[in-house]
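Q: I have this model open on my screen and would like a close look at how its strands and helices pack. Please walk me through that packing, step by step.

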Amino acid sequence: MKKKYLVAGGDLRFARLAEYLAEKGCFVYTLGFDSGIVPSGKIHTLKNLMSLNERVDHLILPLPVSNDGVNVNMPYSGSTLPVELLCAALKENGTAFGGRFTDNIKEMFAARNIETIDYSAREEFAVLNAEATAEGALQVAMEETASTISGQKILIIGMGRIAKMLVHILGGFNADVTVAARKCSDLAWAEVYGCKNIRICDLSQHLGEYSIIFNTAPAVILDGAKLRLLDKGCLVIDLASKPGGVDFDTAAELGIRAVWLLSLPGRVAPLTAGVNIGKTIFNILGERGEGDE
């Protein structure tokens with residue numbers, strides 16, 4: 001028997017996710033999308049929770065699940081929906097998937113013996129998202145500069161997944177790439193990737209050399225003192241999660257172009273990002289022996 005899914009809330013990633021699930025033969029309900037956002041056909045679009053006349057096997061919530069800790073994150077709906085009400089939509093032993101559950105929301109489901117699984121914590125999700133983030137960051141860099149990427153001196157701060165994808169992509173553009181990192185292992189990876197490398201503690205000696213800087217480190221590396229060392233024409237793109245890695249107030253005072261790009265996959269590649277969420281959820285279910293027949 002087909003497993004039944006309810007995709008509740010989210011942005012265009014989740015509209016595409018619903019479509020992907022249906023393409024894979026799943027029975028899919030959607031809730032929290034205005035008319036026309038979710039493709040018609042095999043998907044059953046609900047106007048409200050009361051119109052769901054059966055319980056589902058799996059509930060899929062957005063990334064993040066909620067912006068206020070109470071209501072479902074539903075940017076494409078004019079109404080609100082408390083997360084707690086969705087507990088009743090699941091069958092016994094059902095599963096609630098979501099991105100970045102708050103502790104109080106996890107407790108809501110746990111009180112009803114419903115398991116919550118954070119798909120955004122999975123490694124494959126992070127890797128696939130890193131690719132979309134790197135491509136989106138490069139797109140912004142190309143839009144914000146009047147020169148080609150080829151030949152430009154570019155600094156990448158950090159050497160995690162996103163940084164590695166940036167290095168990989170920028171290599172195809174013949175850019176002059178330097179990686180700044182704290183760990184010796186990260187500096188070694190930069191060398192293996194064919195990049196120049198410097199320690200973050202030595203950044204101040206080199207900051208004036210670069211025309212584009214991508215920060216991927218989740219700490220304020222580019223503080224006011226370091227920003228004052230940049231060339232006035234330098235473009236700074238911050239890809240770090242909150243609180244970010246750039247002192248944006250000082251950057252504005254100095255007239256330095258600094259852009260903070262959060263949740264890039266959902267903004268620049270929502271269709272791909274939606275499929276990535278679906279693949280991750282199928283991987284989780286497959287590992288648990290719960291995949292659809």
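A: Here is a tour of the packing, starting with a sheet and moving on to the helices and strands further along the chain.

This is a predicted model, so to speak of local features pLDDT must be at least 70 and side-chain atom pairs count only at pLDDT 80 or more, while totals for chains, interfaces and linings use all residues. Residues are numbered from 1 along each chain as its sequence is written, and side-chain values use heavy atoms, with hydrogens and water left out.

Let's begin with the open sheet, where 6 strands line up in the order β3-β2-β1-β4-β5-β6 with parallel pairing. Strands (E, at least two residues) and helices (H or I, at least four) are DSSP runs, numbered from the N terminus, and two strands pair if DSSP finds at least two bridges between them. At the edges are β3 (43-46) and β6 (115-118), each of which pairs on one side only. From one strand to the next, the twist averages 25 degrees. Within this sheet, β1 (residues 4-8) and β4 (residues 56-60) are joined in the parallel sense by 3 bridges, and Val7 has Ile60 of β4 as its bridge partner.

For a single residue in the sheet, try Thr95, which sits in strand β5. Thr95 counts as buried because its relative accessibility is 2%; buried means under 20% relative accessible area, exposed over 50%, and partly exposed in between (1.4 Å probe, protein chains only). Leaving aside residues up to four places away in sequence, Thr95 touches Asp57, His58, Leu59, Leu90, Glu115, Ile117, Arg288 and Glu290, where contact means heavy atoms within 4.5 Å.

Next, the helix over these strands: α9 lies across β1, β4, β5 (90-98) and β6, at about 135 degrees to β5. Axes here are lines fitted to C-alpha atoms, for helices over the stretch in contact, and angles run from 0 to 180 degrees between N-to-C directions. Helix α9 (residues 270-287) also packs against α1 (residues 12-23), with the axes 7 Å apart and an angle of about 55 degrees. That makes α1 oblique to α9 (under 35 degrees is roughly parallel, over 145 roughly antiparallel, 65 to 115 roughly perpendicular, and the rest oblique). The α1 and α9 crossing is right-handed; a crossing is right-handed if the near helix is turned clockwise from the far one by less than a right angle, and left-handed if anticlockwise. Among the residues making the contact are Phe14, Leu17 and Tyr20 of α1 and Val275, Ile277 and Phe282 of α9. By class, the contact of α1 with α9 has 11 nonpolar, 2 polar and 3 charged residues (Ala, Val, Leu, Ile, Met, Phe, Trp, Tyr, Cys and Pro are nonpolar; Asp, Glu, Lys and Arg are charged; the others, Gly among them, are polar).

Further along, the axes of α3 and α4 come within 8 Å and cross at roughly 50 degrees, so α3 and α4 are oblique to each other. Buried residues of α4 (residues 161-171) include Met165, Leu166 and Ile169, and their cover includes α3 (123-144), β7 (153-157), β8 (176-181) and β10 (212-215).

Finally, β10 pairs with β11 in the parallel sense over 4 bridges. Strand β11 (residues 235-238) is covered on both faces, with Leu235 and Ile237 buried on one side and Val236 and Asp238 on the other. Asp238 is the bridge partner of Asn215, while Val236 stands opposite Ala258 in β12.
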